Amino acid sequence: MELISSIRNFPNHCKTALQNIWRNGVMSISSIFAVTITLTLIGVLCVIAVNINDITLSIEQSLTIYVKVSRDANEAQSKQIGQEIEKLANVKNVKYSSKEEELNKLIESASSKNKELFETYRKDNPLGDAYEVEVKDAKQITKVAHDIENIANVSEVTYGGESTKDMVSMLENIRNGGAIFVLALIGVVLFMIANTIKMAITSRSTEIAIMRMVGASNWYIRLPFMIEGIFIGLFGSIVPIIALYYGYSFAYVQFQRILSTSIMVFEKPFPFIWNLSGLLVALGCGVGLIGSFFSVRKFLKF
(Lines give C-alpha, C1' and ligand atoms only; values in the text may rest on other atoms or scores of the structure.)
Protein backbone atom coordinates (compact mmCIF):
# COMPACT_ATOMS: atom_id res chain seq x y z
CA MET A 1 0.00 0.00 0.00
CA GLU A 2 2.85 2.33 0.88
CA LEU A 3 4.50 1.84 -2.53
CA ILE A 4 1.19 2.18 -4.41
CA SER A 5 0.44 5.47 -2.62
CA SER A 6 3.90 6.76 -3.52
CA ILE A 7 3.40 5.83 -7.17
CA ARG A 8 0.09 7.72 -7.25
CA ASN A 9 1.95 10.82 -6.11
CA PHE A 10 4.61 10.32 -8.81
CA PRO A 11 4.08 13.76 -10.51
CA ASN A 12 4.52 15.48 -7.14
CA HIS A 13 7.64 13.42 -6.46
CA CYS A 14 9.08 14.49 -9.84
CA LYS A 15 8.41 18.12 -8.96
CA THR A 16 10.06 17.63 -5.54
CA ALA A 17 13.08 15.95 -7.17
CA LEU A 18 13.60 18.87 -9.55
CA GLN A 19 13.24 21.35 -6.68
CA ASN A 20 15.82 19.42 -4.66
CA ILE A 21 18.26 19.52 -7.59
CA TRP A 22 17.80 23.28 -7.85
CA ARG A 23 17.94 23.81 -4.07
CA ASN A 24 21.13 21.79 -3.65
CA GLY A 25 22.83 23.45 -6.61
CA VAL A 26 26.51 22.81 -5.79
CA MET A 27 26.14 19.10 -5.00
CA SER A 28 23.73 18.59 -7.90
CA ILE A 29 26.10 20.27 -10.36
CA SER A 30 29.05 18.22 -9.10
CA SER A 31 27.01 15.02 -9.49
CA ILE A 32 25.89 15.96 -13.00
CA PHE A 33 29.46 16.94 -13.93
CA ALA A 34 30.77 13.58 -12.68
CA VAL A 35 28.13 11.76 -14.72
CA THR A 36 28.96 13.85 -17.80
CA ILE A 37 32.69 13.16 -17.60
CA THR A 38 32.34 9.44 -16.99
CA LEU A 39 29.64 8.89 -19.62
CA THR A 40 31.77 10.80 -22.15
CA LEU A 41 34.68 8.50 -21.35
CA ILE A 42 32.46 5.43 -21.71
CA GLY A 43 31.14 6.74 -25.05
CA VAL A 44 34.64 7.31 -26.45
CA LEU A 45 35.80 3.86 -25.34
CA CYS A 46 32.72 2.19 -26.80
CA VAL A 47 33.29 3.93 -30.14
CA ILE A 48 36.92 2.76 -30.21
CA ALA A 49 36.04 -0.79 -29.12
CA VAL A 50 33.24 -1.23 -31.66
CA ASN A 51 35.36 0.05 -34.56
CA ILE A 52 38.37 -2.09 -33.56
CA ASN A 53 36.05 -5.09 -33.48
CA ASP A 54 34.64 -4.26 -36.95
CA ILE A 55 38.10 -3.74 -38.45
CA THR A 56 39.33 -7.00 -36.90
CA LEU A 57 36.37 -8.94 -38.31
CA SER A 58 36.85 -7.31 -41.72
CA ILE A 59 40.53 -8.28 -41.83
CA GLU A 60 39.79 -11.81 -40.71
CA GLN A 61 37.09 -12.19 -43.37
CA SER A 62 39.42 -10.85 -46.07
CA LEU A 63 41.99 -13.59 -45.43
CA THR A 64 41.87 -16.16 -48.24
CA ILE A 65 43.78 -19.21 -49.36
CA TYR A 66 45.01 -19.12 -52.95
CA VAL A 67 45.18 -22.58 -54.51
CA LYS A 68 47.03 -23.26 -57.76
CA VAL A 69 46.00 -26.33 -59.74
CA SER A 70 48.68 -28.35 -61.52
CA ARG A 71 49.04 -27.38 -65.20
CA ASP A 72 48.89 -31.07 -66.13
CA ALA A 73 45.43 -31.50 -64.55
CA ASN A 74 42.53 -31.83 -66.98
CA GLU A 75 39.15 -30.10 -66.57
CA ALA A 76 37.57 -33.01 -64.66
CA GLN A 77 40.49 -33.21 -62.22
CA SER A 78 40.39 -29.46 -61.69
CA LYS A 79 36.66 -29.56 -60.82
CA GLN A 80 37.30 -32.51 -58.51
CA ILE A 81 39.72 -30.36 -56.52
CA GLY A 82 37.02 -27.73 -56.01
CA GLN A 83 34.55 -30.36 -54.81
CA GLU A 84 37.04 -31.78 -52.32
CA ILE A 85 37.86 -28.31 -50.99
CA GLU A 86 34.16 -27.60 -50.40
CA LYS A 87 33.90 -30.77 -48.29
CA LEU A 88 36.61 -29.61 -45.87
CA ALA A 89 35.63 -28.34 -42.45
CA ASN A 90 35.74 -24.55 -41.85
CA VAL A 91 35.55 -23.74 -45.57
CA LYS A 92 33.11 -20.88 -46.13
CA ASN A 93 33.31 -20.20 -49.85
CA VAL A 94 35.24 -21.55 -52.87
CA LYS A 95 35.69 -19.42 -55.98
CA TYR A 96 36.96 -21.02 -59.20
CA SER A 97 39.20 -19.19 -61.66
CA SER A 98 40.13 -20.73 -65.00
CA LYS A 99 43.63 -20.44 -66.42
CA GLU A 100 42.32 -17.91 -68.96
CA GLU A 101 40.96 -15.76 -66.13
CA GLU A 102 44.26 -16.10 -64.28
CA LEU A 103 46.12 -14.84 -67.34
CA ASN A 104 43.72 -11.89 -67.64
CA LYS A 105 44.40 -10.97 -64.01
CA LEU A 106 48.15 -11.17 -64.65
CA ILE A 107 47.89 -8.92 -67.72
CA GLU A 108 45.71 -6.36 -65.91
CA SER A 109 48.12 -6.12 -62.97
CA ALA A 110 51.23 -5.90 -65.18
CA SER A 111 52.96 -2.72 -66.27
CA SER A 112 52.31 -1.40 -69.77
CA LYS A 113 55.69 -2.77 -70.92
CA ASN A 114 54.91 -6.31 -69.73
CA LYS A 115 51.32 -6.37 -70.94
CA GLU A 116 52.44 -6.96 -74.53
CA LEU A 117 54.80 -9.71 -73.37
CA PHE A 118 52.08 -11.54 -71.45
CA GLU A 119 49.65 -11.19 -74.37
CA THR A 120 51.89 -13.56 -76.34
CA TYR A 121 50.90 -16.35 -73.91
CA ARG A 122 47.30 -16.32 -75.15
CA LYS A 123 47.98 -19.14 -77.62
CA ASP A 124 50.02 -21.27 -75.23
CA ASN A 125 48.86 -20.39 -71.69
CA PRO A 126 51.46 -21.66 -69.15
CA LEU A 127 49.18 -21.00 -66.17
CA GLY A 128 46.83 -23.44 -64.51
CA ASP A 129 43.38 -23.12 -62.96
CA ALA A 130 43.10 -21.67 -59.45
CA TYR A 131 40.76 -21.43 -56.47
CA GLU A 132 40.24 -18.70 -53.88
CA VAL A 133 39.10 -20.23 -50.60
CA GLU A 134 37.46 -18.29 -47.74
CA VAL A 135 37.44 -19.86 -44.28
CA LYS A 136 34.77 -19.59 -41.60
CA ASP A 137 37.26 -19.19 -38.76
CA ALA A 138 40.46 -17.28 -39.53
CA LYS A 139 42.26 -19.14 -36.73
CA GLN A 140 41.79 -22.37 -38.72
CA ILE A 141 43.34 -21.02 -41.92
CA THR A 142 46.62 -22.92 -41.41
CA LYS A 143 44.88 -26.26 -40.91
CA VAL A 144 42.63 -25.73 -43.95
CA ALA A 145 45.67 -24.82 -46.08
CA HIS A 146 47.49 -27.99 -45.03
CA ASP A 147 44.42 -30.10 -45.84
CA ILE A 148 44.22 -28.55 -49.31
CA GLU A 149 47.91 -29.27 -49.94
CA ASN A 150 47.16 -32.99 -49.54
CA ILE A 151 44.58 -32.97 -52.35
CA ALA A 152 45.79 -34.57 -55.60
CA ASN A 153 46.80 -32.24 -58.48
CA VAL A 154 47.23 -29.20 -56.22
CA SER A 155 50.57 -27.61 -57.12
CA GLU A 156 50.76 -24.70 -54.64
CA VAL A 157 48.82 -23.27 -51.68
CA THR A 158 49.41 -19.67 -50.56
CA TYR A 159 47.89 -18.07 -47.48
CA GLY A 160 50.67 -16.09 -45.82
CA GLY A 161 52.04 -18.85 -43.60
CA GLU A 162 52.95 -18.21 -39.99
CA SER A 163 52.78 -14.43 -40.46
CA THR A 164 49.07 -14.69 -41.25
CA LYS A 165 48.53 -16.98 -38.27
CA ASP A 166 50.35 -14.52 -36.00
CA MET A 167 48.33 -11.59 -37.34
CA VAL A 168 45.03 -13.41 -36.71
CA SER A 169 46.17 -14.21 -33.17
CA MET A 170 47.19 -10.59 -32.58
CA LEU A 171 43.85 -9.26 -33.85
CA GLU A 172 41.99 -11.73 -31.65
CA ASN A 173 43.98 -10.57 -28.61
CA ILE A 174 43.34 -6.90 -29.42
CA ARG A 175 39.61 -7.51 -29.74
CA ASN A 176 39.32 -9.56 -26.55
CA GLY A 177 41.64 -7.32 -24.57
CA GLY A 178 39.78 -4.21 -25.72
CA ALA A 179 36.42 -5.68 -24.72
CA ILE A 180 37.72 -6.64 -21.25
CA PHE A 181 39.29 -3.19 -20.77
CA VAL A 182 36.07 -1.40 -21.75
CA LEU A 183 33.96 -3.55 -19.41
CA ALA A 184 36.40 -3.02 -16.53
CA LEU A 185 36.50 0.73 -17.10
CA ILE A 186 32.71 0.91 -17.33
CA GLY A 187 32.54 -0.80 -13.93
CA VAL A 188 35.01 1.71 -12.45
CA VAL A 189 33.31 4.82 -13.81
CA LEU A 190 29.85 3.59 -12.82
CA PHE A 191 31.15 3.08 -9.28
CA MET A 192 32.44 6.67 -9.36
CA ILE A 193 29.04 7.98 -10.47
CA ALA A 194 27.22 6.02 -7.77
CA ASN A 195 29.62 7.31 -5.09
CA THR A 196 29.17 10.91 -6.21
CA ILE A 197 25.39 10.59 -5.95
CA LYS A 198 25.72 8.90 -2.56
CA MET A 199 27.81 11.84 -1.30
CA ALA A 200 25.14 14.27 -2.48
CA ILE A 201 22.43 12.39 -0.60
CA THR A 202 24.58 11.81 2.51
CA SER A 203 25.00 15.58 2.84
CA ARG A 204 21.20 15.78 3.24
CA SER A 205 20.89 13.19 6.02
CA THR A 206 19.35 15.84 8.32
CA GLU A 207 16.60 16.45 5.76
CA ILE A 208 15.81 12.73 5.68
CA ALA A 209 15.78 12.53 9.50
CA ILE A 210 13.30 15.42 9.73
CA MET A 211 10.99 13.78 7.19
CA ARG A 212 11.05 10.60 9.26
CA MET A 213 10.29 12.52 12.46
CA VAL A 214 7.12 14.04 10.96
CA GLY A 215 5.87 10.58 10.01
CA ALA A 216 6.71 10.31 6.29
CA SER A 217 6.74 6.71 5.03
CA ASN A 218 9.93 5.09 3.76
CA TRP A 219 8.79 5.06 0.13
CA TYR A 220 7.54 8.65 0.39
CA ILE A 221 11.07 9.66 1.44
CA ARG A 222 12.89 7.32 -0.92
CA LEU A 223 11.04 7.94 -4.20
CA PRO A 224 11.94 11.66 -4.69
CA PHE A 225 15.61 10.83 -4.13
CA MET A 226 15.42 7.95 -6.62
CA ILE A 227 13.79 10.21 -9.20
CA GLU A 228 16.41 12.86 -8.44
CA GLY A 229 19.12 10.28 -9.19
CA ILE A 230 17.42 9.48 -12.51
CA PHE A 231 17.28 13.18 -13.41
CA ILE A 232 20.97 13.62 -12.54
CA GLY A 233 21.84 10.70 -14.81
CA LEU A 234 19.60 12.08 -17.57
CA PHE A 235 21.03 15.60 -17.39
CA GLY A 236 24.57 14.21 -17.23
CA SER A 237 24.04 12.25 -20.46
CA ILE A 238 23.04 15.27 -22.57
CA VAL A 239 26.55 16.60 -23.25
CA PRO A 240 28.05 13.13 -24.05
CA ILE A 241 25.23 12.47 -26.53
CA ILE A 242 25.74 15.83 -28.27
CA ALA A 243 29.52 15.23 -28.37
CA LEU A 244 28.94 11.73 -29.72
CA TYR A 245 26.52 12.94 -32.41
CA TYR A 246 28.72 15.68 -33.84
CA GLY A 247 32.11 14.20 -32.94
CA TYR A 248 31.60 10.74 -34.39
CA SER A 249 29.77 12.03 -37.47
CA PHE A 250 32.72 14.32 -38.23
CA ALA A 251 35.36 11.67 -37.43
CA TYR A 252 33.60 9.07 -39.59
CA VAL A 253 33.66 11.35 -42.64
CA GLN A 254 37.35 12.17 -42.11
CA PHE A 255 38.42 8.56 -41.58
CA GLN A 256 36.42 7.41 -44.59
CA ARG A 257 38.17 9.99 -46.74
CA ILE A 258 41.67 9.22 -45.46
CA LEU A 259 41.64 5.52 -44.55
CA SER A 260 38.72 4.07 -46.47
CA THR A 261 39.66 0.63 -47.83
CA SER A 262 37.94 -2.71 -48.17
CA ILE A 263 39.63 -3.76 -44.92
CA MET A 264 39.40 -0.58 -42.80
CA VAL A 265 35.65 -0.65 -42.32
CA PHE A 266 34.19 1.78 -39.77
CA GLU A 267 30.78 1.60 -38.10
CA LYS A 268 28.28 3.86 -39.89
CA PRO A 269 27.08 6.79 -37.72
CA PHE A 270 23.42 5.77 -37.85
CA PRO A 271 21.88 3.86 -36.15
CA PHE A 272 25.12 3.36 -34.16
CA ILE A 273 24.93 6.84 -32.57
CA TRP A 274 21.28 6.35 -31.54
CA ASN A 275 22.00 2.93 -30.04
CA LEU A 276 25.02 4.17 -28.09
CA SER A 277 23.11 7.28 -26.98
CA GLY A 278 20.35 5.07 -25.62
CA LEU A 279 22.96 3.01 -23.77
CA LEU A 280 24.50 6.14 -22.20
CA VAL A 281 21.10 7.42 -21.07
CA ALA A 282 20.23 4.01 -19.61
CA LEU A 283 23.58 3.81 -17.79
CA GLY A 284 23.30 7.33 -16.39
CA CYS A 285 19.69 6.96 -15.22
CA GLY A 286 20.21 3.40 -14.00
CA VAL A 287 23.25 4.24 -11.89
CA GLY A 288 21.54 7.38 -10.57
CA LEU A 289 18.52 5.31 -9.55
CA ILE A 290 20.53 2.51 -7.91
CA GLY A 291 22.95 4.90 -6.20
CA SER A 292 20.10 6.96 -4.76
CA PHE A 293 18.15 3.89 -3.65
CA PHE A 294 20.99 2.40 -1.61
CA SER A 295 22.14 5.77 -0.25
CA VAL A 296 18.70 6.63 1.13
CA ARG A 297 18.18 3.08 2.35
CA LYS A 298 21.06 3.51 4.80
CA PHE A 299 19.25 6.37 6.51
CA LEU A 300 15.88 4.62 6.62
CA LYS A 301 17.09 1.70 8.74
CA PHE A 302 15.97 1.75 12.33
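Trainee: Let me start with a single residue: how exposed is alanine 243?

Mentor: This is a predicted model, by the way. As for exposure, a residue counts as partly exposed when its relative accessible area falls between 20% and 50%. Alanine 243 has a relative accessible area of 42%, so it is partly exposed.

Trainee: Where does alanine 243 lie?

Mentor: Look in helix H11 for alanine 243. Then find threonine 40: the two are 203 residues apart in sequence, yet their C-alpha atoms are 8.0 Å apart in space.

Trainee: Let's try a pocket next. What is the volume of the largest pocket?

Mentor: The largest pocket comes out at about 330 Å³. Its lining has 20 residues, and the closest to the centre are Val44, Val47, Ile48, Tyr248 and Ala251. Two elements give two or more residues to that lining, namely helix H3 (25-62) and helix H11 (238-259).

Trainee: Which helix gives the most to the lining?

Mentor: That's H3, with 9 residues. You can also sort the lining by residue type: 16 are nonpolar, 4 are polar and none is charged.

Trainee: Now the sheet. What is the order of its strands?

Mentor: Read across the sheet rather than along the sequence. Here you get S2-S3-S1-S4, an open sheet of 4 strands with antiparallel pairing. Strand S2 (91-97) and strand S4 (154-158) are at the edges with a single partner strand each, so one side of each has no neighbour in the sheet. From one strand to the next, the twist averages 20°.

Trainee: How many bridges join the neighbouring strands S2 and S3?

Mentor: There are 6 between S2 and strand S3 (residues 130-135). As an example, serine 97 has alanine 130 in S3 as its bridge partner. Moving across, S1 is joined to S3 by 5 bridges and to S4 by 4 bridges. Valine 67 is a handy marker: its bridge partner in S3 is tyrosine 131, and in S4 it stands opposite valine 157.

Trainee: Which residues of S1 are on its covered face, and which on its uncovered one?

Mentor: The general idea is that side chains in a regular strand alternate between the two faces of the sheet. In S1, the covered face has Ile65, Val67 and Val69, while Thr64, Tyr66 and Lys68 are on the uncovered one.

Trainee: Which strands does helix H4 lie across?

Mentor: Helix H4 (residues 75-87) lies across strand S1 (64-69), S2, S3 and S4, and runs at about 5° to S3. Helix H7 (residues 141-149) also packs on the sheet, touching S1, S2, S3 and S4, with its direction at about 10° to that of S1.

Trainee: What about backbone angles: what is the phi of asparagine 90?

Mentor: Asparagine 90 has a positive phi of about 70°, although it is not a glycine. You'll find asparagine 90 in the loop between H4 and S2. Asparagine 153 also has a positive phi of about 70°, and it lies in the loop between H7 and S4.

Trainee: Which residues does a cis peptide bond join?

Mentor: Check omega: it is about 10° for the cis peptide bond between phenylalanine 270 and proline 271. Proline 271 belongs to helix H12 (residues 269-300).

Trainee: One last residue: is arginine 222 buried or exposed?

Mentor: Buried, at 9% relative accessibility. Arginine 222 lies in helix H10 (residues 218-236). Leaving aside residues up to four places away in sequence, arginine 222 touches Phe293, Val296, Arg297 and Leu300.

Notes
Residues numbered from 1 in each chain as written. Predicted model: local features only at pLDDT ≥ 70, side-chain atom pairs only at ≥ 80, totals over all residues. Heavy atoms only, no water. 1 Å grid on protein atoms, 1.4 Å probe; cavity = no way out; pocket = protein on both sides within 12 Å on 5 of 7 lines; lining within 4 Å. Points joined across faces, edges and corners; volume = space filled by probe spheres on them. Nonpolar A, V, L, I, M, F, W, Y, C, P; charged D, E, K, R; others polar. Pairing = 2+ DSSP bridges. Axes fitted to C-alpha atoms, helices over the stretch in contact; angles between N-to-C directions. Contact = heavy atoms within 4.5 Å. Buried < 20%, exposed > 50% of the residue type's maximum accessible area, 1.4 Å probe, protein only.
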